[in-house]
Amino acid sequence: MRALLLSGAILLASCSGDGGGEPPASGDGGGPPSVGPGASGSTGPGASVSTGDAPVAARFPTPRALYEGAVAGSCAGAEGSCHHGWAQPELSSFEAFIATAGAFCQTGVGDPRAVVDGCERPGDRLMFADGVERALLGVVVPEGAPRVPSEVTVALDGPAGDVSAVARVRAPVAEGQAEYRQELRGVVFTPLDPASRLRLDLSRAGEEVARAFDLRRWPRRGADVVVGDANGNGRDAAGAPLRQLVPGRPERSFLYLRLLGDELGARMPLVENGWSREATRALYCFVRGLPEGWQPDTRIADEPIAYAGCPTDPGDIGPVVSDYEAVQAIFDQRCASGPCHGGERASGLDLRRAAIARGDVIGAPSRQAPDRALIAPGAADESYLVCKIEPGCAERAQGTAMMPVGGELGAEDRAAIRAWIEAGAKLD
């Protein structure tokens with residue numbers, strides 16, 4: 001969990017999307033990470049302050065009203081400007097707006113070195129003859145190599161398998177992505193030191209295969225291989241948390257984060273044509289109310305945005321400290337008292353301090369979802385307990401309810417639990 005919970009609205013900030021401060025030639029802007037003023041500050045001189053649900057709900061009662069009243073004008077005004085046929089993502093229609101759900105961010109950035117770690121895509125995988133499969137983290141093309149390189153050096157996430165026979169490239173299958181396989185016939189592999197590096201002789205592999213490994217051709221397209229460390233800083237995309245829009249998780253939505261400051265590129269929107277704090281909150285509440293795994297469906301256009309229970313000012317959550325004592329206090333007050341997860345151990349779960357210290361919870365399988373740990377240290381999203389307290393989590397066991405029974409935890413309490421787990425769920 002990041003020390004700062006960036007909770008506010010995932011508004012597809014005007015010329016924002018992936019754009020940078022100066023319009024990049026290819027659309028997506030990059031730049032070193034940075035998140036400045038939160039949504040609690042005005043996004044423009046004309047921005048007004050909403051003190052409750054009524055004003056914002058009146059202006060933006062539905063996703064369609066939000067798009068037409070703020071997103072369209074600030075982000076996709078005229079054809080050829082900002083996110084209307086020019087910069088990624090495309091926001092020229094309501095359908096395009098919601099199509100960003102689950103989409104990779106910064107796919108059109110002009111320089112791979114500008115891709116932030118959170119937006120790096122999972123790399124393709126090399127499948128070796130003996131069944132060993134490794135993620136492709138990076139490709140180095142020799143300086144001065146011809147237009148079609150005759151050799152490259154690749155970095156993998158572990159030792160290579162049997163290189164004496166034909167290997168294949170397989171794209172990771174996730175988020176509806178089609179699996180892609182390409183046989184690397186004619187490629188000669190030479191193991192290097194360390195064993196996670198290989199030299200690929202492409203001189204007899206054919207131009208199509210050789211071009212696929214040429215990272216000088218950016219952004220990647222067609223049959224080109226995708227690497228997990230596009231920016232080359234040594235940290236791969238495993239678990240990369242950001243997407244353009246993450247249903248139920250505005251704090252992981254790149255387009256929303258671009259509204260808060262300039263850590264991920266120039267703060268958006270660049271053109272404040274109708275954008276306001278009300279719009280920011282509306283977008284936050286819209287995204288927060290979407291169930292996890294939601295797929296774009298235009299029928300949502302005129303459904304009411306769920307403002308009830310949505311923080312009035314998401315930007316006020318502030319720094320979140322990964323402190324066990326604070327988390328145990330939440331458990332004691334909301335979970336381990338009464339006929340719940342204390343002495344009566346509802347669903348076999350005891351959240352009292354002694355049970356957690358014994359190891360009954362951290363790393364232990366959930367009774368409702370045996371294939372998932374109740375608390376997976378370092379991985380809040382893999383922790384079933386987090387799913388149980390997050391609104392809209394689609395992975396709760398069938399027929400079970402969100403917890404606590406007396407009403408959902410506030411955003412700050414949920415953030416504290418997530419931060420503690422992400423930091424390793426330590427008890428000291």
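**Close-up views of a predicted model**

**Figure 1. Ring pairs join four aromatic residues.** Tyr67, Phe94, Phe97 and Phe286 are linked into a cluster by ring pairs. The model shown here, and in every view below, is predicted. Two members of the cluster, Phe97 and Phe286, return in the next view.

**Figure 2. The largest nonpolar core holds 45 residues.** Phe60, Leu66, Phe97 and Phe286 have the most contacts inside this core. Four elements give it two or more residues: α2 (63–75), α3 (94–98), α5 and α6. Helix α6 gives the most, with 7 residues. A second core of 25 residues is separate. Val152, Val169, Val187 and Ala210 are among its members.

**Figure 3. Surroundings of Phe60.** Which residues are in contact with Phe60, leaving aside its neighbours within four places in sequence? Ala65, Leu66, Gly69 and Ala70 are on the list. So are Ser276, Glu278, Ala279 and Ala282. Ile305 and Tyr307 complete the set. Of these contacts, Leu66 is also named with Phe60 among the residues with the most contacts inside the 45-residue core.

**Figure 4. Helix α6 is largely enclosed by the rest of the structure.** The helix covers residues 277–289. At 1.5 Å a residue, its 13 residues should span 18 Å. The end C-alpha atoms are 18 Å apart, which agrees. How many of the 13 residues are buried? The count is 12, so the rest of the structure largely encloses α6. Charged side chains are on the buried list too, including Arg277, Glu278, Arg281 and Arg288. Also buried are Ala279, Thr280, Ala282, Leu283, Tyr284, Cys285, Phe286 and Val287.

**Figure 5. A tilted ring pair: Tyr324 and Trp420.** A search of the whole structure finds 7 aromatic pairs. In the pair formed by Tyr324 and Trp420, the ring centres lie 5.5 Å apart. The planes meet at 35°, so the pair counts as tilted. Distant parts of the chain are linked here: Tyr324 belongs to helix α7 (residues 324–335) and Trp420 to helix α10 (residues 411–422). The two residues are 96 residues apart. Are these rings' residues buried or exposed? Tyr324 is buried, with a relative accessible area of 5%. Trp420 is buried as well, at 1%.

**Figure 6. Glu251 in a loop.** The loop runs between α4 (207–212) and α5 (254–257). Glu251 is buried, with a relative accessible area of 12%. That value falls under the 20% cut-off for buried. The Glu251 side chain makes a polar contact with the side chain of Arg249, at 2.4 Å.

Methods. Residues are numbered from 1 along each chain as its sequence is written. This is a predicted model: local features need pLDDT of at least 70, side-chain atom pairs count only at pLDDT 80 or more; totals for chains, interfaces and linings use all residues. Side-chain values use heavy atoms; hydrogens and water are left out. Rings of Phe, Tyr and Trp (its six-membered ring) pair if their centres lie within 6.5 Å; planes under 30 degrees apart count as stacked, over 60 as edge-to-face and the rest as tilted. Buried means under 20% relative accessible area, exposed over 50%, partly exposed in between (1.4 Å probe, protein chains only). A polar contact is a pair of N or O atoms within 3.5 Å; within protein, one must be able to donate a hydrogen and the other to accept it, and residues adjacent in sequence count only if both atoms are side-chain atoms. The expected span of a helix is 1.5 Å times one less than its number of residues. A nonpolar core is a set of buried Ala, Val, Leu, Ile, Met, Phe, Trp, Tyr and Cys residues joined through side-chain atoms within 4.5 Å. Contact means heavy atoms within 4.5 Å.
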